[in-house]
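Visitor: I am new to this entry. Would you kindly choose a single part and describe it closely, together with whatever connects to it?

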Amino acid sequence: MARVVGGIGTSHIPAIGLAMARKQVADPYWKPFFDAYLPVRDWLSEVRPTVAVVIYNDHGLNFFLDKMPAFAIGAAPDYRNADEGWGLPTLRPFPGDAAFSWHLIEQLSAADFDLTTCQEMLVDHGFVVPMQLLWPQADSWPVRVIPIHVNTVQHPLPSPARCLRFGETLGRALESWDQDERVIVLGTGGLSHQLDGRRAGFINKPFDLYCLEKIVHEPEVLARHTIRELVTLAGTQGPELIQWLIMRGALGPDVRQLQRNYHVPISNTGSGLLLLEKAA
Ligand code: DHB
Ligand code: FE
């Protein structure tokens, strides 16, 4: 049977991908940020997950404001990224697992979560930057991937409470797959940031630290916030936190925190990192 082994929350800021492409990882500005990922990579090389479910929001590459699903899932044999205007390189394709994707679609649908099913899907920086952060050296991606897009762009957005429940259902769906897979769930985006409007540049460090604290053992406290409150407290792009809530829900009630880091700012964002192991 498939087993969820852990979850990782990480920001997905394009500047991180650019710093990697420009080989600035060891520069004094970037080193403390990238060093926080070293224990996570060690853990990954020990646990050797076979599948990564990546929860992210498409920012306009695969979907645009004219057609924006609340939840969408890839069911493709592979996934490519493409130029979004940030100058990020085009990477080798990410191998998919369409059969596992369809199992999740069936299970989530039976639990009344309707997903847009994508048999081809471009993945943007929300997906790509976390993958590069976790496996920077790999000659080939060591995991098959299942991308899940969540609308955090075009209001109304799915509520935090619904996302936590989505994650719980996703976790059960993953563990009901009859193949022997070790699954890692990535929740990407956040933490506080506002890229546009009068409060552009807004970051709320105390709220970010509160989120990193609460999501470990009391995610339901975060799930009580409304999207409007998240925008007020964490900026217009702050609702990307709902992707972390899906990741957290998928791990079930009992987790152990193995790594936590907060680095502010990276570009316009309070950047968070969390590694959670599912307690047996
Ligand atoms: C930034 C952060 C994001 O989450 C994003 O999707 C794009 C840009 C930033 O801080 O620059
Ligand atoms: Fe984003």
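**The surroundings of ligand 1**

Guide: Ligand 1 is surrounded by His 12, Ile 13, Pro 14, His 59, Trp 86, His 125, His 193, Leu 195, Glu 240, Ser 267, Asn 268 and Thr 269, each having a heavy atom within 4 Å of the ligand. The model is predicted, so local features need pLDDT of at least 70 and side-chain atom pairs pLDDT 80 or more, while totals for chains, interfaces and linings use all residues. Residues are numbered from 1 along each chain as its sequence is written, chains are lettered from A and ligands numbered from 1 in the order in which they are written, and side-chain values use heavy atoms, without hydrogens or water.

Three consecutive residues deserve attention for their polar contacts (pairs of N or O atoms within 3.5 Å). An N or O atom in the side chain of Ser 267 lies 2.6 Å from an oxygen atom of ligand 1. At Asn 268 a polar backbone atom is 3.1 Å from an oxygen atom of the ligand, and at Thr 269 an N or O atom of the side chain is 2.6 Å from an oxygen atom of the ligand. Of the 300 Å² of accessible area that ligand 1 has on its own, the protein covers 97% (Shrake-Rupley method, 1.4 Å probe).

Ser 267 belongs to the loop between β9 (255-266) and β10 (269-278), where strands are DSSP runs of E with at least two residues and helices are runs of H or I with at least four. Although Ser 267 is not a glycine, its phi is positive, about 55 degrees. With 40% relative accessibility, Ser 267 is partly exposed, that is, between the buried limit of under 20% and the exposed limit of over 50%, with a 1.4 Å probe and protein chains only.

Asp 112 also has a positive phi, near 70 degrees. This residue lies in the loop between α4 (98-110) and β6 (116-118), and Asp 112 is exposed, at a relative accessible area of 61%.

Two cis peptide bonds may be added to the picture. One joins His 155 to Pro 156, with omega near 5 degrees, and Pro 156 is in the loop between β7 (144-150) and α6 (160-175). Another joins Gly 190 and Leu 191, with omega about -5 degrees; Leu 191 sits in the loop between β8 (182-188) and α7 (205-217).

Technical notes
A polar contact is a pair of N or O atoms within 3.5 Å; within protein, one must be able to donate a hydrogen and the other to accept it, and residues adjacent in sequence count only if both atoms are side-chain atoms.
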